Amino acid sequence: MGVKGRAAFAIIFIIVFLCSLWLYGGLEPWDYCLKVYIQDEQSVSLYGNNVSEDDMAPLGFCPGQRFQVGVLLMHLQAAPLSTDDVLLEPYLASWDELIKFMDSLGPLVGFISQEIEAKTSIIRDLAQKEAELKGQAQDKEATAEEQVSGTSILKDEPPHPSAGVMGRAYTSVRSMIKAELAQGLVDFTQPQASGCRTLLRLHRALLWLQLFLHSLAEDGRAQSPSELCRNAYRVTLAQHHTWWVRKAAELAFVAMPDRAFFYRLVCVDTQKEAAVVLNHVVRAIQKVYNQTQMALEEHGMLELP
């Protein structure tokens with residue numbers, strides 16, 4: 001392998017390594033100095049004023065691709081609970097579609113999606129474990145009651161209904177926060193694995209994607225998707241990253257597909273049609289983001305180590 005070949009390999013290795021640190025929290029903490037972009041809807045408009053809800057046609061299935069913008073929108077709209085909470089099951093399902101979206105953008109951006117998928121699995125595993133423990137506790141209680149009453153346990157009894165579903169403690173963002181605080185699972189001084197800490201990392205990544213999709217909808221053809229993604233990164237995550245990570249991220253964005261690819265990805269033909277679809281998605285993300293932000297902020301969890 002020549003000098004140029006070794007240099008290219010080294011650059012790719014650095015990008016992959018730093019991207020993994022980016023999402024695993026091994027870099028400088030994200031202070032969220034730009035949370036006003038989302039919290040205060042009057043400070044910045046994340047969707048065009050010339051696009052109304054009535055302009056949105058029902059989204060159908062896009063053949064020949066894994067990512068389905070209609071499925072993403074369905075999960076996003078199902079996630080908000082009341083005005084200050086978010087259901088975790090549709091929230092994580094939304095991330096499943098966003099992961100497919102990132103996978104379609106190329107191997108370097110797709111590598112980031114693998115890190116995000118690992119984080120969604122952490123919360124799902126915690127929920128599954130909680131559901132199983134709850135089911136076991138209820139089975140023990142039922143057994144004790146049957147022994148006292150003298151009745152027998154039916155061997156062919158179906159599995160406990162809580163098995164294989166999201167545990168009650170992990171039904172929503174606020175229920176998870178309440179349960180993990182009560183169990184002492186959240187450490188505010190040093191890194192400790194928990195659903196809350198993992199959610200914060202997903203929450204931070206959502207801001208970057210939201211601003212990128214917003215810029216794709218509003219920019220027209222003035223800038224390439226690569227430039228738009230880099231700009232969204234610079235005003236959000238780059239504020240909290242080292243020089244090496246910033247350069248690695250921007251190198252990864254260079255390989256991003258052109259605008260026509262994004263049209264096909266959301267099954268439209270023009271920028272005007274894309275703006276309608278993307279603005280609708282951005283509005284749905286904004287609501288989920290705002291309500292998650294509210295819950296985390298109320299409990300002082302925006303800077304968990």
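# Aromatic contacts, salt bridges and helix packing

Phe262 is buried: its relative accessible area is 7%, under the 20% cut-off. The model is predicted. This report starts from that ring and works outwards to the charged pairs and the helices.

**Aromatic pairs**

Seven aromatic pairs are found in the structure. One of them joins Phe101 to Phe262, with ring centres 6.2 Å apart and planes at 55 degrees. That pair counts as tilted, because its angle falls between the limits of 30 and 60 degrees. Phe101 sits in helix H4, while Phe262 sits in helix H10 (residues 259-265). The two residues are 161 apart in sequence, so their contact ties together separate parts of the chain. Phe101 is also buried, at 5% relative accessibility.

The pair belongs to a wider group. Ring pairs link Phe67, Phe101, Phe212, Phe261 and Phe262 into a cluster.

**Salt bridges**

How many salt bridges does a search of the whole structure find? The count is six. Three are described here.

Asp103 and Arg66 form one of them, with N to O at 3.7 Å. Asp103 belongs to helix H4 (residues 88-103). Arg66 lies in the loop between helix H2 (36-39) and helix H3 (69-78). The partners are 37 residues apart in sequence, so the bridge ties a loop to a helix.

Glu97 and Lys100 make a local contact. Their closest N and O atoms are 2.9 Å apart. Both residues lie in helix H4, three residues apart, or about one turn. Residues three or four places apart in an α-helix point the same way, because there are 3.6 residues a turn.

Arg174 and Glu298 also form a salt bridge, with closest N and O atoms 2.9 Å apart. This one links distant parts of the chain: Arg174 is in helix H6 (residues 173-182) and Glu298 is in helix H11, 124 residues apart. The contact is part of a network, in which shared salt-bridge partners join Asp84, Arg174 and Glu298.

The six residues of these three bridges have the following relative accessibilities.

| Residue | Relative accessibility | Class |
|---|---|---|
| Asp103 | 32% | partly exposed |
| Arg66 | 55% | exposed |
| Glu97 | 5% | buried |
| Lys100 | 23% | partly exposed |
| Arg174 | 17% | buried |
| Glu298 | 51% | exposed |

Two of these values call for a look at the cut-offs. Arg174 counts as buried because 17% is under 20%. Glu298 counts as exposed because 51% is over 50%.

**Helix H11**

H11 covers residues 271-298, a run of 28 residues. From first C-alpha to last, H11 reaches 39 Å, close to the 40 Å expected at 1.5 Å a residue. Is H11 largely enclosed or largely open? It is largely enclosed by the rest of the structure, because 22 of its 28 residues are buried. Glu298, in H11, is exposed. Just after the helix, Gly300 takes a positive phi of about 65 degrees.

**Helix packing around H3**

Packed helices are described by the angle between their axes and the distance between the axes. Two pairs that involve H3 are given here.

The axes of H3 and H11 come within 9 Å and cross at roughly 30 degrees. H3 and H11 are therefore roughly parallel, as the angle is under 35 degrees. The axes of H3 and H4 are 8 Å apart, at an angle of about 155 degrees. H3 and H4 are therefore roughly antiparallel, as the angle is over 145 degrees.

What is the handedness of these crossings? H3 passes H11 in a left-handed crossing. H3 passes H4 in a left-handed crossing too.

**The whole chain**

The chain has 11 helices and two strands. Along the sequence, the order is α-α-α-β-β-α-α-α-α-α-α-α-α. The chain has 305 residues, and 48% of them count as buried.

Helix H4 recurs through this account. It carries Phe101 of the tilted ring pair, the Glu97 and Lys100 bridge, and Asp103, the partner of Arg66. H4 also packs against H3.

Methods: Residues are numbered from 1 along each chain as its sequence is written. This is a predicted model: local features need pLDDT of at least 70, side-chain atom pairs count only at pLDDT 80 or more; totals for chains, interfaces and linings use all residues. Side-chain values use heavy atoms; hydrogens and water are left out. Helices (H or I, at least four residues) and strands (E, at least two) are DSSP runs, numbered from the N terminus. The expected span of a helix is 1.5 Å times one less than its number of residues. Buried means under 20% relative accessible area, exposed over 50%, partly exposed in between (1.4 Å probe, protein chains only). A salt bridge is a side-chain nitrogen of Lys or Arg within 4 Å of a carboxyl oxygen of Asp or Glu. Rings of Phe, Tyr and Trp (its six-membered ring) pair if their centres lie within 6.5 Å; planes under 30 degrees apart count as stacked, over 60 as edge-to-face and the rest as tilted. Axes are lines fitted to C-alpha atoms, for helices over the stretch in contact, and angles run from 0 to 180 degrees between N-to-C directions. Angles under 35 degrees count as roughly parallel, over 145 as roughly antiparallel, 65 to 115 as roughly perpendicular and the rest as oblique. A crossing is left-handed if the near helix is turned anticlockwise from the far one by less than a right angle, and right-handed if clockwise.
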